[in-house]
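Open the model in your viewer and keep the selection tool handy. Let's take a tour of the spaces inside it and the residues around them.

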Amino acid sequence: MSLDVPIISSEKSSENFLVKISGGHRIITTGRFIVLGTHGVGVIDGHHFITSAQDLAVALNGYEGTPDKLGSSIRGALTIYIEDRQSGEVYILSDPFGSSIVFLNEHNNGVTASSSLGRLVSVLELQGRKPGKSLRYAALLASSNNGGISKSPYSGIDSIDQWSFICFSVSGVKINEYSLAREVFSKIDRSDGGIKTLQNMAIDDIINNVKAASRYEAPNHVCHLTGGMDSRTVLGAVIESGYSSKYSIHCGGDPLADDMMIARKLAHSLGKNISRDSGLHFGMLPGSPAENSRWSMHETAGLLRGPANPGLHRSNDVVLSGGFGGLLRNSFGGIDSGKGERGFSADTVLSPMLGSLGSMSISSKSILNADIINFASTEINSAVLKSEELGVPNDALPEFLWFRFRSRYYVGEISRSLSKYVNRFDPLYTPWLLPLAWSYPRAERGNNYAHLDLLCEINEQLGMMPYDKKRITDSYLDDRPARQLGSLPEVMSDLEISDVRVRPLEPTGIKSPISTEHYAEARRVGLPPATVADSEFFRNEAKRLVAAIGPSELSQAFNYEELTQLLSRPPKWRPQFRAIRDVHDVLAWYSA
């Protein structure tokens, strides 16, 4: 796994630019490239599973392809660092989706870049150019629970776009676009033949991803399973790959929750038990909810609160977990354009992008100030123009924006941040999901036609069994009469309690007891009981942070009156519970 991520800089020297490499490796291969480092976990060239610079060096022995071809072949949240032996050019190749985000800082003397935001900030600080934390990013993260509209949690640090890679040479720095981008969007085709071709391309990619991960020598291979569609698609691919005997199936959470019960019944139908071993191994647990937030935000350098934190032990297990299946469905709750034949526009998607408490439609009640809302509107307008340039159908505009922002700064970053501790990989990462999904009419996509059709092509038995929600609609059954709704057994698989390899140290701290009232409230608002139990703690801590930072500074990004109003009374509805936690987390990180 990637522990020493390089920092690449270009600095002006007389008439040329000097390329400097800090950290990483220098591994000579028998092919065109010298390997400098990696960050994340993924597959390249269709069959090489990459978790480290050493893995990449083996894969590139004898390789003579171009950087464009190599980068276009990356699947998963993975960045690779290479040097061309002939030209001396240095490349940072992010995956095509840009899920392993590459950050850069432009300064008077040149450019410094890395996919490790934490390392980049540290290097700039050592050079006397410490960047300040961005309150704008923090406010948008608190509002929408997602980064991306603002590109970095630090002022003066930007990120490169999707489908892009960087070349460093004596001539300076050039950001190039992968040729794959134009190919992907040119394949949107609403004919039956076009959809079938795209299905086959996506399935080939997914199965190859699973095979590459399965061939990797690891102590354990784990496949995550819930009651939803993404993890079932991954499991179907594992079965069809012929490697299912290598995998244990994991489902976490409450043993009586819908997710667990569906997963256990599904596992029983396959003759498998459910393991409680997720592949993540804790050496120390946070001592309080606030500490959990601090650990997580620190781990991602402020990008998001995710599952990665420094209390984890490193392991070489392979964990398959779906996430990019969301590309096959409608985003933001399946919003309608509300504009008739005019279709979607930046205005119609701005509210769902900003979240329930940051929406422009209720700007006087938004926790964001007018400047931040206007900034978000400008960024979304720019993304809309990009979608038109690429030929994205207007009825897929919300999904394009989900892809452009949430898939990078949430789905991708979760996998990449965990790659420091375990080889987590999403086999559903294939660029062909985009034209496949957007080749379906919006109504069909909203009724899961695109996802169900793909899953049934992989494994129809799994695809047609019940889910945690009504994913298989009556209209789908009417339009696909050859497919029959299956049933799950009443019997559930046993829960296997794996041996604890490292017993976590659990320090004494502040924890909220979960009462009967908390359970009842959690059922009412549809949230985990712990979220409800902790809400008063986070509300009080958030109030303390707001008082400490002060109205003058917070008003630069927040609507201060609405922010304090949000925290003034216990939450009553789901968005409020989440927003209070998010406000606490971003302000705790910002003020640290």
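Start by selecting H21 (574–591), the helix that gives the most to the lining of the largest cavity, with 3 residues. Helices here are DSSP runs (H or I, at least four residues) and strands are too (E, at least two), numbered from the N terminus. A cavity is a set of points on a 1 Å grid over the protein atoms alone where a 1.4 Å probe fits but cannot get out; lining residues have an atom within 4 Å of a point.

Now add the full lining: Leu141, Asn145, Met297, Leu304, Arg305, Tyr410, Asp582, Asp585 and Val586. They enclose about 70 Å³, the volume being the space filled by probe spheres set on points joined across faces, edges and corners. Coloured by class, this lining shows 5 nonpolar, 1 polar and 3 charged residues (nonpolar: Ala, Val, Leu, Ile, Met, Phe, Trp, Tyr, Cys and Pro; charged: Asp, Glu, Lys and Arg; polar: the others, Gly among them).

This is a predicted model, where local features need pLDDT of at least 70 and side-chain atom pairs count only at pLDDT 80 or more, while totals for chains, interfaces and linings use all residues. Residues are numbered from 1 along each chain as its sequence is written, and side-chain values use heavy atoms, without hydrogens and water.

Next, select Gly40, Val41, Gly76, Ala77, Ser415, Arg416, Ser419, Arg424, Phe425 and Asp426, which line the second largest cavity. Both H12 and strand S19 (423–425) give two or more residues to that lining. The second largest cavity has a volume of about 40 Å³.

Methods:
On a 1 Å grid over the protein atoms alone, a cavity is a set of points where a 1.4 Å probe fits but cannot get out, and a pocket is an open set with protein on both sides within 12 Å along at least five of seven lines; lining residues have an atom within 4 Å of a point.
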